[in-house]
Amino acid sequence: MSEPVVIVGAGIGGLSAALCLAQRQCPVVVVERFAEVREVGAGILLGPNASRVLYGCGLGEALERVSAPMTRVGIGADRGERFVEKEVEEQADAPFRMVHRAQLHGVLYEAVIQHPLVEVELGLPVQGFEQDLEARGVRALGKGLTSRWGVALVGCDGLHSAVRTQLHPGEVEPVYHGYTCWRGITSTFEHEGFSRGMLLELQGRGLRAGMGYIDEERVYWWATANAPQGEHDGEDVIEDLQRRFQAFPDYFRAMIAATPPAQVLRNDIFDRPPLKRWGEKNVTLLGDAAHPMAPNLGQGACSAIEDAAMLAACLGELWEDGATPQPEEVVASSRRYEAGRQKRTATLQRLSRRFGTIGQLEHPLAVWMREQAMRWTPRAILDRQQAAIWDYRVEMDSDPR
């Protein structure tokens, strides 16, 4: 067996990359800093652009057991008026679903650890890497790490990536967007005002709320508010949220009430500007390590899954017919992967930032203008915008030359 690809980080992006590469007969070692692989968080929108990749990896049946289909999407105002509501076209090989982040992570991890070409090493925080391209390749560095070398290294270690820090020393810190986000999952939920299959976002004055079922009983909801960076909740987060979002429909406030307080997460929203260069030689980046984006389009995890498919399309071909990849081939394939992803991810980063800026408008006149724009924008334009995000296919763009 040839030397493996070393993946730093066992989050959704890292595990997706490991699975996609292994299915192309590429040996993989995943190095994870936590001693136990687990994912925190709330819900994830799994758009067709991402589900197409995971279903292509054979995970369709497992995902359908732990997620819920989205059949309609809508956007409206805090008072409940819906400006846009449309049916989602069902695609058997690329459905639109909502899933708990931990459930998606569990499905990926189970598939990865069962694959004979993947090895997962836990409890090993990576602090950087060492390259010796001509002789040995590249290896991850950190306390307790073995001297295992690989043909390539992929930094999938998130917003504060150690791999990115070494590749781009002196880079500015992540940029705060000016608003914070609460996420929660109801214990159970039933309300005549909100039906299953609906993905809905409502926008008010400096406030937004979104919601959708993640299974037959539970709803994932999120809420944003303009706030100073680092602000903390009071003793009763449920009461605080009810007060902040009192202008929103009763079904949304019922979702907040049906959520155990300990299950409410709060995070300030950050991103980074798009990078002109992701990696160097046989080291590259993937997911939030490469292109962290605000969650406004639901494309953070989806774009990482797209990355994984593109990485496998570019690197995986080097292992065809049992071949041993040569250093110059690995470098060339790494740059092909980056070239095939940079425009797409930079566009998603900018769109996510812009959507959030517009959604968080607070002045009454600005809010009125936003609502008029949503009322009168032709449906065909909205359809094209959504198609540009959800209809993306990695296999159509796997060779950027």
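Helices (H or I, at least four residues) and strands (E, at least two) are DSSP runs, numbered from the N terminus. The model is predicted, so that local features need pLDDT of at least 70 and side-chain atom pairs count only at pLDDT 80 or more, while totals for chains, interfaces and linings use all residues. Residues are numbered from 1 along each chain as its sequence is written, and side-chain values use heavy atoms, with hydrogens and water left out.

**Exercise 1. Backbone angles in two loops**

Task: Find where Q25 lies, state its phi, and decide whether Q25 is buried or exposed; then treat K281 in a similar way.

Solution. Begin with the location: Q25 is found in the loop between α1 (12-22) and β2 (28-31). Its phi is near 70°, a positive value in a residue other than glycine. Most residues other than glycine have a negative phi. For the accessibility step, buried means under 20% relative accessible area, exposed over 50%, and partly exposed in between (1.4 Å probe, protein chains only). Q25 counts as exposed because its relative accessible area is 51%.

Turning to K281, this residue sits in the loop between β16 (265-271) and β17 (283-285), and its phi is positive, about 50°, although K281 is not a glycine. With a relative accessible area of 46%, K281 is partly exposed.

**Exercise 2. Two neighbours in helix α9**

Task: Describe the surroundings of Q342 and of R341, and say which accessibility class each belongs to.

Solution. Q342 lies in helix α9 (residues 327-359), and R341 lies in helix α9 as well. Q342 counts as partly exposed because its relative accessibility is 22%, whereas R341, at a relative accessible area of 0%, is buried.

Next come the contacts (heavy atoms within 4.5 Å). Not counting residues up to four places away in sequence, Q342 touches L275, K276, R277 and W278. Of these, L275 is 67 residues from Q342 in sequence, yet the two are 8.0 Å apart in space, C-alpha to C-alpha. The side chain of Q342 also reaches the backbone oxygen of K276 at 3.2 Å. For R341, leaving aside neighbours within four places in sequence, the residues in contact are W278, S303, E306, D307, M310 and Y392.

**Exercise 3. Salt bridges within and between elements**

Task: State how many salt bridges the structure holds, then compare where the partners lie in the pairs E61 and R65 and R72 and E85.

Solution. A salt bridge is a side-chain nitrogen of Lys or Arg within 4 Å of a carboxyl oxygen of Asp or Glu, and the structure holds 25 of them. The side chains of E61 and R65 meet in one such bridge, at 3.6 Å, N to O. Both residues lie in helix α3 (residues 60-66), four residues apart, about one turn of the helix, and both are exposed.

The side chains of R72 and E85 meet in a salt bridge at 2.7 Å, N to O. This pair links distant parts of the chain, with R72 in strand β5 (residues 72-77) and E85 in strand β6 (residues 82-87), 13 residues apart. R72 counts as buried because its relative accessibility is 16%, while E85, at 32%, counts as partly exposed.

As a further step, E280 forms a salt bridge with R277, the closest N and O atoms being 3.6 Å apart. Here E280 is partly exposed at 32% relative accessibility, and R277 is partly exposed with a relative accessible area of 37%. Finally, R79, E81, E371 and R375 are linked in a network of salt bridges.

**Exercise 4. The nonpolar cores**

Task: Identify the residues with the most contacts inside the largest nonpolar core, and the helix that gives the most to this core.

Solution. A nonpolar core is a set of buried Ala, Val, Leu, Ile, Met, Phe, Trp, Tyr and Cys residues joined through side-chain atoms within 4.5 Å. The largest has 75 residues, and those with the most contacts inside it are V5, I7, L21, L59, L104 and L153. Helix α8 (residues 300-315) gives the most to this core, with 11 residues. To look at one of the listed residues, set aside neighbours within four places in sequence: L104 is then in contact with I12, I44, L46, L54, L63 and V99. A second, separate core of 25 residues includes L202, A223, Y251 and I256.

Methods: Polar contact = N/O pair within 3.5 Å; in protein donor to acceptor, adjacent residues only side chain to side chain.
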